[in-house]
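Dear colleague,

I am passing on to you the structure we spoke about, with its sequence, and my notes follow beneath it. Please open it alongside this message.

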Amino acid sequence: MYKLHSLTVEQVSGREDTRLKIFDYYGTEAKVTDYAILKNAFIYNNNNTGKWWVDSDYDSDNIANFYGLDGYLGFSIKNDCSYCIRPAIKYSDISDMCFNKRITGPGILEARVGSYPNFAVSKSLQNKLFRLYQQGFLFPVDYKSMDARDKNNLIFDFLAYKEPVFVYNNERYVLATAKQSSLLSNGCRYKKGDKVWVKETPINLLIDLKHDTAVFKDLIVAGIPYINHKQYINNYLSNELGIDKPKTYLKRKS
């Protein structure tokens, strides 16, 4: 069984012997998916990248590190839920389940694995899926867990709620609830509380072979404050990525 973990500052921008070479090659910026935007992710509008947490060693109950635009290493309060989570996985634990592998640099691979909600579908498909759902032709087959708390109400522990996943034409879609007003990649603007159909796609990985580490290329998860992110990736996210569950509806290529 694989285990997700958070990256450290040393792995991202530390000494040469500890730093993952993928960050020398790709930089530290990462794109934010529509699903993460719906879940309160902050985005830099000029390039659709976001901010993401890294493990922090502050002797503080309130402050944690994050990476932002142009490799900026900053710090913020731990209960801010506009930051994304960018997990990593030991590559040797999941290498047999990865597909579409390709060499992109010395000791660096890109690959795909599992699946997770990514982009909001077109307006016409939104309407079709809502119609089929309301007519009783779509049934939940899975779920994704998120934090039920509002971003302004973070005084309690993580409170999980489940968003249903449906299959239509051999593809998977989550019926997501917007936690903030958002303009998504389908050109549609949504307000807080709106329901949005988001399609699952394979997860893109950046892999450092020397350090046996695979890092998520995109920022697929937001809305989880730093104080809860380890609980979230260990108890929820790691079980919902579809990595160790065969997905016949995905067209995999070697």
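The notes below deal with one helix, the nonpolar cores and one aspartate.

Please keep in mind that this is a predicted model. Helix α5 takes in residues 123–134, and because its 12 residues should span 16 Å at 1.5 Å a residue, the 16 Å that separates its end C-alpha atoms agrees with expectation. The buried residues of this helix are Gln-126, Leu-129 and Leu-132. They cover an arc of only 135 degrees around the axis, so they lie on the same side of α5. An α-helix has 3.6 residues a turn, which means that residues three or four places apart point the same way. The cover over the buried residues of α5 includes strands β8, β10, β11, β13 and β14, whereas the face turned away from the buried side carries the exposed residues Lys-123, Ser-124 and Gln-134. After α5 comes Gly-136, with a positive phi near 85 degrees.

As for the nonpolar cores, the largest has 61 residues, and among those with the most contacts inside it are Leu-7, Trp-52 and Tyr-116. A second, separate core consists of nine residues, including Val-121, Leu-132, Leu-138 and Leu-175. Leu-132 is thus named both in this second core and among the buried residues of α5.

Lastly, Asp-147 belongs to strand β9, residues 142–147, and it counts as buried because its relative accessibility is 2%, where the cut-off is under 20%. Beyond its neighbours within four places in sequence, Asp-147 has contacts that include Phe-158, Tyr-161, Lys-179 and Asn-228.

With best wishes

Note on methods. Residues are numbered from 1 along each chain as its sequence is written. This is a predicted model: local features need pLDDT of at least 70, side-chain atom pairs count only at pLDDT 80 or more; totals for chains, interfaces and linings use all residues. Side-chain values use heavy atoms; hydrogens and water are left out. Helices (H or I, at least four residues) and strands (E, at least two) are DSSP runs, numbered from the N terminus. Buried means under 20% relative accessible area, exposed over 50%, partly exposed in between (1.4 Å probe, protein chains only). Contact means heavy atoms within 4.5 Å. The expected span of a helix is 1.5 Å times one less than its number of residues. The arc is that of the directions from the helix axis to the C-beta atoms. A nonpolar core is a set of buried Ala, Val, Leu, Ile, Met, Phe, Trp, Tyr and Cys residues joined through side-chain atoms within 4.5 Å.
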